[in-house]
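Morning, everyone. I have one model to go through today, and I will keep to its interfaces. Please have a look at it first.

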Protein chains: 4
Amino acid sequence: MGIIGMGRIGNVHYQNLLTFDDVSVKTICDILVDEGWKEKYPAVSTLVKDYHQVLTDPEIDAVLICTPTDLHPQITIDAARAGKDIFCEKPVGFKNEDILEAYRVVNQTGVKFEVGFNRRFDKHFDRIVEYRDENRIGDPQLLKITSRDPEPPSLDYVEHSGGIFMDMTIHDFDMARFITGQEVAEVHVFGDVLIDDRIRKFKDIDTAVISLKFANGMLGVIDNSRKAVYGYDQRIELFGSKGVSRAENVLNSETTFVGKEGASADTPMYFFLQRYKEAYARELRSFFGAVRGEHPVACSFDDGIRAIRLAEAAKRSLLSGQVEKVAEIK
Amino acid sequence: MGIIGMGRIGNVHYQNLLTFDDVSVKTICDILVDEGWKEKYPAVSTLVKDYHQVLTDPEIDAVLICTPTDLHPQITIDAARAGKDIFCEKPVGFKNEDILEAYRVVNQTGVKFEVGFNRRFDKHFDRIVEYRDENRIGDPQLLKITSRDPEPPSLDYVEHSGGIFMDMTIHDFDMARFITGQEVAEVHVFGDVLIDDRIRKFKDIDTAVISLKFANGMLGVIDNSRKAVYGYDQRIELFGSKGVSRAENVLNSETTFVGKEGASADTPMYFFLQRYKEAYARELRSFFGAVRGEHPVACSFDDGIRAIRLAEAAKRSLLSGQVEKVAEIK
Amino acid sequence: MGIIGMGRIGNVHYQNLLTFDDVSVKTICDILVDEGWKEKYPAVSTLVKDYHQVLTDPEIDAVLICTPTDLHPQITIDAARAGKDIFCEKPVGFKNEDILEAYRVVNQTGVKFEVGFNRRFDKHFDRIVEYRDENRIGDPQLLKITSRDPEPPSLDYVEHSGGIFMDMTIHDFDMARFITGQEVAEVHVFGDVLIDDRIRKFKDIDTAVISLKFANGMLGVIDNSRKAVYGYDQRIELFGSKGVSRAENVLNSETTFVGKEGASADTPMYFFLQRYKEAYARELRSFFGAVRGEHPVACSFDDGIRAIRLAEAAKRSLLSGQVEKVAEIK
Amino acid sequence: MGIIGMGRIGNVHYQNLLTFDDVSVKTICDILVDEGWKEKYPAVSTLVKDYHQVLTDPEIDAVLICTPTDLHPQITIDAARAGKDIFCEKPVGFKNEDILEAYRVVNQTGVKFEVGFNRRFDKHFDRIVEYRDENRIGDPQLLKITSRDPEPPSLDYVEHSGGIFMDMTIHDFDMARFITGQEVAEVHVFGDVLIDDRIRKFKDIDTAVISLKFANGMLGVIDNSRKAVYGYDQRIELFGSKGVSRAENVLNSETTFVGKEGASADTPMYFFLQRYKEAYARELRSFFGAVRGEHPVACSFDDGIRAIRLAEAAKRSLLSGQVEKVAEIK
């Protein structure tokens with residue numbers, strides 16, 4: 001297989017692939033490839049700058065698309081036409097027409113396509129779904145997602161991020177659908193800039209409370225902050241007629257200290273690379289399982305589009321100050 | 001002092017007063033008083049059916065009003081005119097004009113008046129305020145209140161309760177103000193009947209997500225359910241620029257069991273009588289401290305009115321489906 | 001009823017008795033009784049200095065013995081002969097012959113006699129016994145008791161305390177029997193002075209690891225310290241063939257804070273008056289239930305003697321440096 | 001480098017080595033090597049049955065010895081003479097004379113030698129050492145180690161295991177030294193067969209309480225069981241003059257469920273392969289750091305011998321029923 005785009009997340013996937021017995025990375029493609037990369041990636045036989053070289057290689061069955069978001073749709077289209085199975089980082093794209101074109105081509109060609117919503121593969125969140133599927137929670141009535149980053153991205157990044165809903169909350173929107181198994185019908189947002197005034201110039205916010213009304217009547221709420229000084233805060237709670245399941249933060253250690261001034265415990269793991277380390281590996285394992293036909297793709301193109309639609313509804317609600325119906329988006 | 005209204009909550013206060021060295025209950029007033037009550041309340045010297053008998057007794061300095069809500073304003077007015085200090089259960093009344101009239105009389109007469117928002121005296125929630133006051137939380141940015149009852153009240157009760165926001169959420173609205181020290185500016189509600197369809201006929205709901213925008217820009221959310229099968233779920237979280245403080249549920253015991261099928265722990269305390277047992281005692285202690293002039297009243301008539309106003313805003317938002325500004329209420 | 005000895009623990013019992021509907025304290029007896037006490041104890045009709053005045057009062061059915069330990073046996077004997085039911089603080093006495101004489105008289109007269117091992121009434125520890133009785137733990141195999149005081153007693157107190165095993169560990173020895181339902185057969189002690197060298201002159205220690213072998217083969221260990229700077233550390237764990245049950249410390253609040261430097265939680269409740277507040281009330285309720293014949297006494301004279309025997313075995317093991325068999329004591 | 005012995009633990013190390021950029025496994029040596037292994041270990045260039053072929057290969061700088069324990073000393077001697085740096089699984093051997101001979105040769109040749117006490121590299125336990133080193137615990141006074149396996153090994157394994165102290169408690173003995181930074185002076189054991197009577201024929205036990213007296217006066221206790229039905233129970237607590245640090249179990253997930261019957265949480269991770277997965281990787285990373293001279297070896301031959309000496313003292317105490325002084329061993 002081949003990896004297209006070798007930034008931070010491309011490297012995460014590469015490290016995980018090294019430990020898979022049954023998958024080998026033949027080619028890495030990145031516009032920054034140079035001589036030094038041979039030493040850095042000794043297990044890889046080919047290093048290229050142009051992704052078409054990956055797509056024309058008949059020995060490559062599947063590709064990982066880890067480039068900047070705006071390139072996702074075109075590479076997806078080219079890869080699908082080349083008959084490669086595709087794992088694409090989230091979101092699937094920015095512009096609606098590009099995304100829909102890619103969606104059409106993927107469906108026509110029939111290649112496998114998976115979106116990289118890594119949190120679906122987190123064992124802690126997965127446990128909530130298990131409790132739900134075992135009917136221990138009963139009828140779900142309330143969903144609560146807390147999702148706070150340890151620090152805001154750079155202003156440069158913010159400028160091209162598509163805004164907090166498309167960049168950050170999109171994961172929570174996907175989780176809202178994944179954890180409940182339900183579609184969101186209405187969205188309401190209270191949001192503000194409480195951390196760093198400079199992002200106002202991008203018309204973005206850094207703190208939000210996003211209320212959800214699901215199609216089946218159940219309710220939900222997501223709270224987001226770009227800066228939790230104590231680390232990555234990732235908690236989910238699903239409450240229903242028979243009980244509640246809560247996934248708590250994963251701490252840096254299970255070791256506590258109790259002294260005269262009280263007890264202390266470790267902080268949550270710092271950020272997504274630490275917190276979702278295992279999830280990234282499980283995600284790829286699942287993708288290759290789907291490629292081999294062992295099970296359907298865990299997170300489809302359609303899932304990717306639906307999360308974007310929720311992000312869009314949130315954006316509109318923030319502007320209008322009112323409730324937005326998801327069905328009216330696109 | 002005297003207690004007017006000897007239902008469930010009146011009895012809670014009576015039990016606590018027995019352990020106070022410096023306060024004695026002279027009279028209990030209740031329309032159901034009969035011969036048998038002498039044995040039930042041996043420490044009390046007078047049992048009457050008409051509350052005016054309490055108010056004309058010069059030996060009585062202060063009264064506890066624990067009657068049904070609709071009687072609160074009139075008894076408050078009469079007690080204030082009789083020069084008694086007043087502790088009144090929440091809410092201070094139902095009808096706006098009655099409440100405002102009582103408010104005026106209390107202010108004119110200058111008697112001490114405290115509203116019984118017992119949760120302000122819970123040591124767990126109080127600890128959050130301590131963290132806030134020590135500036136450990138920094139600038140508060142997000143408030144989260146989970147408040148779920150173990151079971152819905154009877155339909156009879158629901159009919160006269162004033163609706164979920166006036167009966168149940170009113171405590172959470174008071175907490176929202178108490179914990180943050182800020183006023184709420186805007187309210188948005190998603191709510192539905194997810195537990196028992198029969199309450200639809202009272203135009204009431206049983207499940208709600210109430211989003212808050214505070215005057216200073218910070219955000220908040222309250223989630224309510226009338227039925228958490230595992231017991232009374234009472235949690236508060238205040239997140240700010242320097243950290244987060246969370247008050248967790250108080251469990252029936254700190255004892256766990258771990259067996260082949262996993263770990264188990266005890267449920268949260270069943271309901272408010274158990275959960276806020278200590279808070280009820282602290283509340284009265286504080287009231288008598290205020291009566292003796294040691295400190296101001298902890299929860300004023302104004303606090304009572306502001307909570308009602310938030311309940312009213314929530315009611316309107318549920319009906320309108322849109323955001324309601326609190327300043328426009330009344 | 002009457003209370004003999006009105007020190008710290010006598011006052012704890014007095015406060016609890018005030019809230020009992022069906023028990024009234026007629027007389028308080030203490031050598032320090034003076035005029036001022038009338039105001040302090042308004043609910044009590046008689047204040048005396050000589051305990052015989054309590055015992056000759058035909059209106060008094062039961063007595064609480066809360067005097068210094070060395071007086072326990074004689075008062076017990078006199079109270080039993082006067083036909084009063086007896087609740088006696090632990091330990092039942094210091095000198096073997098005195099204790100045995102009191103034991104004989106109590107048995108002859110047939111009065112009810114309960115020893116004040118308050119921890120038997122702690123709801124957290126009680127839960128372990130419930131798990132055991134429900135056979136969820138299976139065959140008990142290992143018992144672990146952690147019992148650490150927040151600060152050492154005064155040297156004066158230490159001098160007359162009977163040593164750490166008789167004063168402090170005696171509670172743990174009673175718990176070892178209560179939690180397992182088994183008798184201890186052998187005891188081994190490692191102990192030392194690690195906190196304050198001055199107690200060496202009383203041949204006492206302040207830190208100990210006490211290993212237990214039970215008659216049925218199961219094992220146990222108690223660890224004691226006279227000084228845990230973070231508060232009263234009271235934990236018990238019972239491990240068996242089907243699982244483990246652990247009672248954790250009760251904290252001053254369930255509220256945590258998480259900031260940049262990590263998480264913090266509250267300390268355990270400070271000492272026995274706080275930690276076992278509820279247990280003291282339940283203990284008395286149980287005693288009066290036994291007095292009224294509703295159930296057997298919860299903690300018998302025999303239980304009191306057996307705990308002393310274990311303390312004696314521990315003392316000998318510390319001296320001999322070897323294992324001591326409990327059967328050989330006395 | 002080369003791996004000698006490719007059983008369960010050899011494979012764990014192999015998987016970890018695959019992710020190291022700067023270390024490559026040239027040769028795997030195992031008596032069971034056959035044609036099929038080439039596919040199983042594609043990253044390895046040489047597969048041999050005789051470990052001498054590993055030792056004579058000049059391209060190999062270091063070896064991992066993962067064979068059965070009785071072969072450790074001879075391979076260690078041969079590897080040291082061949083000038084290879086050595087990582088050897090615990091224990092370093094069974095017979096005293098063999099171990100001492102290997103110790104001498106290693107010292108003479110000056111090769112690096114590390115014993116595989118993997119728990120030293122567990123981040124949770126390590127955190128206790130950090131608290132100790134920051135002087136937050138003050139003077140250590142009490143150490144408590146709980147160490148229980150999820151299920152007993154096969155009887156075959158028990159027969160050749162060297163007994164519970166040499167096979168299982170040896171890790172805890174090493175931890176006792178590592179966590180406190182102190183040497184153990186005296187050992188006392190209460191032990192019994194409480195799980196499976198069949199191991200009596202090997203004169204072994206399955207449940208033990210091992211009390212420790214350290215050279216500096218501090219006390220400790222280890223409790224062991226061969227069968228905790230709920231999974232691998234691995235907890236350590238270090239108590240001192242300024243506070244206590246506790247490392248709790250790592251659970252399969254941080255997700256809980258609370259329903260009518262109470263709360264439930266996940267079990268601890270099943271066994272050492274899961275619980276110490278990260279520690280195994282950190283252990284090897286540390287070894288190769290020592291090989292490259294970046295820091296001293298983290299766990300020396302001397303550490304290996306001292307742990308064995310404690311296991312020997314425990315064995316004697318179980319037989320004698322009395323306290324054994326460690327200084328008298330060997």
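Across the interface of chain D and chain C, how many residue pairs are in polar contact? The rule finds 18, with both residues at pLDDT 80 or more; a polar contact here is a pair of N or O atoms within 3.5 Å, where within protein one must be able to donate a hydrogen and the other to accept it, and residues adjacent in sequence count only if both atoms are side-chain atoms.

On the chain D side, the elements giving two or more residues to this interface are β7 (140-148), β8 (184-192), β9 (207-214), β10 (219-225), β11 (233-240) and β12 (243-247). Strands are DSSP runs of E with at least two residues, helices are runs of H or I with at least four, and both are numbered from the N terminus. By class, that side of chain D has 17 nonpolar, 14 polar and twelve charged residues. Ala, Val, Leu, Ile, Met, Phe, Trp, Tyr, Cys and Pro count as nonpolar, Asp, Glu, Lys and Arg as charged, and the others, Gly among them, as polar.

Before going on, the conventions. This is a predicted model, in which local features need pLDDT of at least 70, side-chain atom pairs count only at pLDDT 80 or more, and totals for chains, interfaces and linings use all residues. Residues are numbered from 1 along each chain as its sequence is written, chains are lettered from A and ligands numbered from 1 in the order in which they are written, and side-chain values use heavy atoms, with hydrogens and water left out.

Back to chains D and C. Each chain gives 43 residues to the contact, meaning heavy atoms within 4.5 Å. About 3300 Å² is buried between them, 60% of it on carbon and sulfur atoms; buried area is the accessible area (1.4 Å probe) that two parts lose on being put together, summed over both. There are ten salt bridges between the two chains, each a side-chain nitrogen of Lys or Arg within 4 Å of a carboxyl oxygen of Asp or Glu. C:Arg148 and D:Glu237 form a salt bridge at 2.9 Å, N to O.

Now inside chain A. An automatic or database assignment divides chain A into domain 1 (2-111) and domain 2 (120-328). Between these domains about 2100 Å² is buried, 78% of it from carbon and sulfur atoms. On the domain 1 side, A:Phe20, A:Lys90 and A:Tyr103 lose the most area, together 23% of what that side buries. The rule finds one salt bridge across this interface. A:Asp22 and A:Arg292 meet in a salt bridge at 3.2 Å, N to O.
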